[in-house]
Amino acid sequence: MAPQAWISRAMTPAAASAQAVSAGPLAGLTFAAKDNIDAAGLPTTAGCRAFAYTPPVSAFVVQRLLDAGASLLGKTNLDQFACGLNGTRSPFGAVPNAFHPAYVSGGSSSGSAYVVATGQADFSLGTDTAGSGRVPAGLNNIVGLKPSRGLISARGVVPAAQSVDCVSIFARTVATAVRVLENAMAHDTLDPYSRRLALASEPFAPAFRFGVPATLEFYGDRAAEAAFAHAVDRLQSLGGVAVTIDFAPLAQVAALLYESALVAERYTAIRSFFDAHEAEVVEPVRSIIAAGRKYSAADLYEVQTELKRLGQQADAMWGAIDVLVVPTAPTHYTIAQMQRDPVVLNRRLGAYTNFVNLLDYAALSVPSAVRADGLPFGITLIGPCGSDWQLADLGQRYHHSTGLTQGATGMPLPAMHAIAGLRKAATVRVAVVGAHLSGMPLNTQLTERGAVLAGPAETAPDYRLFALPGTTPPKPGLLRVGAGHGTCISLEVWEMPLSAYGSFVALIPAPLGIGTLALRDGSMVQGFVCEPEALHGALDISHLGGWRAYISLLKTAAS
């Protein structure tokens, strides 16, 4: 199956100016736009040929990104009129999954996700009303950032349901998505739903509380169920405390999106075109939009009141949690399965997404695992309106802890970047040389306190490393012996919140302790040291250069 990801391509990548491309904050980055977002000179089809028009100016958000130096490659396929979560509802063809072409890509921003996952663009714009900026991300091993409503202007975007629409961002890393959001967001007085929002500037606490639904539905997909269980474990290893929450109010809100008078807004969005060209709209999009005709104004007021009631119930959870965590999508379906049962299976893909915009929450979908069958699994972090930077900070830490590669490209994740919108908490640099290294048994004592890996390093050539006898788990002792008597020992430097440092030091048993280490680059850092008396009978392993080499040697000998 040939991937139908692109609808139109620019003859040459569109850019605002040579100066912006060379010196702007997004210089060097290429992007694509979902084809319900205007780009000057390229047709906007919204996935419907009869609807197509060529705008003279770009959407507000597209122009901002061009002015920041990004280059636009073209327009991408979508579920027609952004109505769907699966990527098969387009007369331009179904967009396949980037990992397995028999499976759906997720929608409606299907093409935007595919071109990022496969490395054809650095980032892309989608839209998200019911999960269209998240489901395709989860199904393709990329990041889907759905900002707080109104943070990015939707002027120049063909609406799906204008009061709850969001322009969304797809990228292969959280850092890139954040960089794009920083340049895309701006108040726009010509967009009736644009807002000035004060975003939370404090990161979540090291022992953040994350909500997990009391009941979860995976529709028989054991691989997805196991992947989410592992995600909960991983969040706990990062310092999170799991809190069970009642998902019922959220599920009831989700049902309202398509099963109440709220669907009338989808009809309103394209009313004049739809009334004149209904036959040009594909099924089941046609039936969904047509259903909006039957509701009265009284019906709409009634459901809006019900939505407020359910919102009050749902918002009670924020008193017990900092962030809600759900599967981005509960399962995968093949394109053939989706086409045989397009309404029921599509609704299932939105089980954990449909409520978010209706309740004015922010959300970030991040990759979590590639299952044994080769299909990606993602989780979504959800927070109150304005929690965008907090979600990005936690999402980046989580994504990098998975060891996954970028999308379907096979490229490793780059180094993490600080989230500029967050105040930097006071930290202390701690060097670890043994059981606290990444992947080692005691590393969780760092991550559960919110410590972040700053990078590998080496001691000055003044140290010797010993394997201490009788320690569980096995631990080394690092001793400074002076110039000419030691060697450089490999270690890792971690940035730990100062507020968590005391509880970490309290865990260190004698004869180990914390002292000041000299690094090869001349800097000084807090790190593990050992009392000299404890080294009697210890094995000098300095010649191996570090603890990882010693553990590897032990494993080789055991096998």
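**An open mixed sheet and its surroundings in a predicted model**

In this predicted model, 11 strands form an open sheet with mixed pairing, in the order β1-β3-β2-β4-β6-β5-β10-β11-β9-β7-β8.

Q: Which strands stand at the edges of the sheet, each with a single partner strand?
A: The order of the open sheet runs from β1 through to β8. Each of these two strands has a single partner, so one side of each is left without a neighbour in the sheet. The edge strands are therefore β1 (6-14) and β8 (241-245).

Q: By how many degrees are neighbouring strands of this sheet turned against each other on average?
A: The value is an average over neighbouring strands of the sheet, with direction ignored. Taken in that way, the turn between neighbours is 25°.

Q: Which residue in β10 does G144 stand opposite?
A: Strand β5, residues 143-146, pairs with β10 in the antiparallel sense over three bridges. Within β10, the residue that G144 stands opposite is S365.

Q: Which helix packs on the sheet, touching β5, β9, β10 and β11?
A: The helix in question comprises residues 388-401, and its direction makes about 5° with that of β10. The strands it touches are β5, β9, β10 and β11 (376-384), and the helix is α15.

Q: Is T328 buried or exposed?
A: T328 is found in the loop between β9 (323-327) and α12 (335-340). Leaving aside neighbours within four places in sequence, T328 is in contact with R134, V135, G138, L349, T353, S365, G378, I379 and T380. Since burial requires under 20% relative accessible area, and T328 has 0% relative accessibility, this residue counts as buried.

Q: With the side chain of which residue does the side chain of T328 make a polar contact?
A: Among the residues in contact with T328 are L349, T353 and S365. The polar contact joins two side chains at 2.9 Å, and the partner of T328 is S365.

Q: Why do the buried residues of α11 line one face of the helix?
A: Helix α11 (residues 297-315) has 19 residues and reaches 27 Å from its first C-alpha to its last, close to the 27 Å expected. Its buried residues are V303, L307, L310, G311 and A314, whereas the face turned away from them carries the exposed A298, Y301, E302, T305, K308 and Q312. Seen down the axis of α11, the buried residues line one face because they fall within an arc of 110°.

Q: Which strand is included in what covers the buried residues of α11?
A: The cover of these buried residues includes two helices, α7 (248-259) and α14 (355-358). The strand included with them is β10 (361-370).

How values were computed. Residues numbered from 1 in each chain as written. Predicted model: local features only at pLDDT ≥ 70, side-chain atom pairs only at ≥ 80, totals over all residues. Heavy atoms only, no water. Helix = DSSP H or I, 4+ residues; strand = E, 2+ residues; numbered from the N terminus. Buried < 20%, exposed > 50% of the residue type's maximum accessible area, 1.4 Å probe, protein only. Contact = heavy atoms within 4.5 Å. Polar contact = N/O pair within 3.5 Å; in protein donor to acceptor, adjacent residues only side chain to side chain. Expected span 1.5 Å × (residues − 1). Arc of directions from axis to C-beta. Pairing = 2+ DSSP bridges. Axes fitted to C-alpha atoms, helices over the stretch in contact; angles between N-to-C directions.
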